Amino acid sequence: MNLRNSALTAALVLMLVGGAAAVPANADTAPSTLPAIQAAGAHATADRIAALNRSIPSITANACMADASRAQALGTLSAALDGMQELSGQIAAATDAVTAAGLYRSIFEHWRVYAVAIPQAHFAAAADCLQGRAIPALLSAQARLEAALAGVHADDVTPEIEADMQQLADQIVIAQDAAAGLADDALAVTPADYNADRAVLVPVKTALSTATSAARLAKAAAQSVVDALR
Amino acid sequence: MTRVLGALLALVIVVTLGGCGLRGGRVDTSQVVSTPAPTPTLVDDGSLDSVLGDLEQADSALGQSDADLATGGEAEARDDE
């Protein structure tokens with residue numbers, strides 16, 4: 001019994017420690033002295049500059065992304081990079097805590113590098129991959145299978161194959177509906193939108209998950225038909 | 001005698017060269033391999049292979065999409081404000 005209580009206590013402690021570690025810094029824990037603000041600002045801007053310098057080449061090289069989406073995303077990421085570099089210098093040069101604190105806050109509230117700029121670029125890329133590559137490939141597979149089942153494999157059609165073909169068609173429609181306009185939706189989100197609603201990108205992520213799951217189900221259905229015909 | 005031997009030698013040379021030419025001709029004709037008419041089975045396999053190609057392309061795009069979704073999510077998780 002004591003052993004069980006100890007285990008429960010340990011688990012509770014671990015949960016509390018883990019929970020505390022997961023709580024992000026917020027306005028209540030923001031640094032207040034000029035040196036502390038400058039140190040925190042240097043860390044926050046350097047961290048974001050490094051992340052942007054990883055995302056920009058990644059988005060540039062993304063093979064799926066539509067040119068318009070890429071241009072818009074890179075514009076936002078480049079502006080954020082310039083903004084972080086400028087803020088880094090301004091915070092370091094600040095001579096009073098009030099000015100430094102205002103600049104420090106703008107790292108988050110004006111740019112939202114982690115909350116908006118980087119995620120929206122990658123969510124748009126994911127949406128373009130679905131809409132521009134995955135779904136067209138599934139539509140092509142569907143058309144080829146329909147032709148085969150109406151022609152050389154007309155005698156091979158079974159109820160299972162018909163069900164798989166229906167599943168293929170249904171899931172493609174679900175994927176198309178979920179992915180439609182998603183890249184634009186992701187790229188339209190601004191830091192101000194996020195400041196007003198912290199969950200502003202959630203519908204984009206949900207739709208991406210829906211579209212991806214449907215596309216995978218469509219692919220599995222097409223694969224089943226191929227396997228049955230081979 | 002010399003003339004007879006010369007004539008025989010010339011005849012041997014002519015026959016030998018002619019034989020080579022004939023064989024060459026035969027080789028040329030034998031190398032023409034008729035292409036078998038495609039059977040329905042081969043056509044079917046090609047069609048299904050094309051479908052599999054489409055599915056591989058879809059899979060690759062879905063993998064890239066997953067990677068971008070994950071990268072975006074990781075960035076969100078790093079937000080420390």
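Let me start with the contact between the two chains: chain B and chain A bury about 3,400 Å² between them, and 58% of that area lies on carbon and sulfur atoms. Please keep in mind throughout that what we are looking at is a predicted model. In terms of residues, 30 from chain B are in contact with 48 from chain A.

Before going further into the interface, I would like to introduce the two partners. Chain A has 230 residues, of which 40% count as buried, and its secondary structure consists of 9 helices and 0 strands, so that, read from the N terminus, the order of elements is α-α-α-α-α-α-α-α-α. If we take the contacts in chain A between residues at least 6 apart in sequence, 80% of them join residues that are at least 24 apart. The area that chain A exposes is about 11,100 Å², with 60% of it supplied by carbon and sulfur atoms.

Chain B has 81 residues, and 19% of them count as buried; here we find 2 helices and, once again, 0 strands. Chain B exposes about 5,600 Å², and carbon and sulfur atoms supply 66% of that area.

Now back to the place where the chains meet, and to the charged groups there. As a general matter, side chains of opposite charge can pair when their charged atoms come close. How many salt bridges are there between chain B and chain A? The count is 7, and on the side of chain B that touches chain A, the residues divide into 12 charged, 9 polar and 9 nonpolar. Over all chains, the structure holds 8 salt bridges. Across the interface there are also 12 residue pairs in polar contact, where both residues have pLDDT 80 or more.

Let me take two of these bridges in turn. In one of them, Lys205(A) pairs with Glu76(B), and the closest N and O atoms are 2.8 Å apart. This pair crosses between chains, running from helix α9 of chain A, residues 202-229, where Lys205(A) sits, to helix α2 of chain B, residues 40-78, which holds Glu76(B). Is Lys205(A) buried, partly exposed or exposed? With a relative accessible area of 25%, Lys205(A) is partly exposed, because the value is not under the 20% that would make a residue buried and not over the 50% that would make it exposed.

In another bridge, Arg216(A) pairs with Asp66(B), with the closest N and O atoms 2.1 Å apart. Arg216(A) belongs to helix α9 of chain A and Asp66(B) to helix α2 of chain B, so this pair, too, joins two chains. Both partners are partly exposed, Arg216(A) with a relative accessible area of 33% and Asp66(B) with one of 29%. This bridge is also part of something wider, since Arg216(A), Lys219(A), Asp59(B) and Asp66(B) are linked in a network of salt bridges.

There is also a salt bridge within chain A that I would like to show you, in which the side chains of Glu109(A) and Arg105(A) meet at 2.8 Å, N to O. Both residues lie in helix α4 of chain A, residues 97-111, and they are 4 residues apart, about one turn of the helix. Glu109(A) is partly exposed, at a relative accessible area of 37%.

Finally, I would like to turn to two buried positions in chain A. Arg48(A), which lies in helix α2 of chain A, residues 34-61, has a relative accessibility of 1% and therefore counts as buried. Which residues is Arg48(A) in contact with, once its neighbours within four places in sequence are left aside? In chain A the partners are Met84(A), Ile107(A), Phe108(A), Val113(A) and Tyr114(A), and from chain B there are Asp79(B) and Asp80(B).

The other position is Ala73(A), in helix α3 of chain A, residues 67-93, which is buried with a relative accessible area of 2%. Not counting residues up to four places away in sequence, Ala73(A) touches Ile59(A), Met65(A), Ala121(A) and Leu187(A). As a last distance, the C-alpha atoms of Ala73(A) and Val204(A), which are 131 residues apart along the chain, are separated by 15 Å.

Notes:
Residues are numbered from 1 along each chain as its sequence is written. Chains are lettered from A and ligands numbered from 1 in the order in which they are written. This is a predicted model: local features need pLDDT of at least 70, side-chain atom pairs count only at pLDDT 80 or more; totals for chains, interfaces and linings use all residues. Side-chain values use heavy atoms; hydrogens and water are left out. Contact means heavy atoms within 4.5 Å. Buried area is the accessible area (1.4 Å probe) that two parts lose on being put together, summed over both. A salt bridge is a side-chain nitrogen of Lys or Arg within 4 Å of a carboxyl oxygen of Asp or Glu. A polar contact is a pair of N or O atoms within 3.5 Å; within protein, one must be able to donate a hydrogen and the other to accept it, and residues adjacent in sequence count only if both atoms are side-chain atoms. Ala, Val, Leu, Ile, Met, Phe, Trp, Tyr, Cys and Pro count as nonpolar, Asp, Glu, Lys and Arg as charged, and the others, Gly among them, as polar. Buried means under 20% relative accessible area, exposed over 50%, partly exposed in between (1.4 Å probe, protein chains only). Accessible areas come from the Shrake-Rupley method with a 1.4 Å probe; for residues, only the protein chains shown count as cover.
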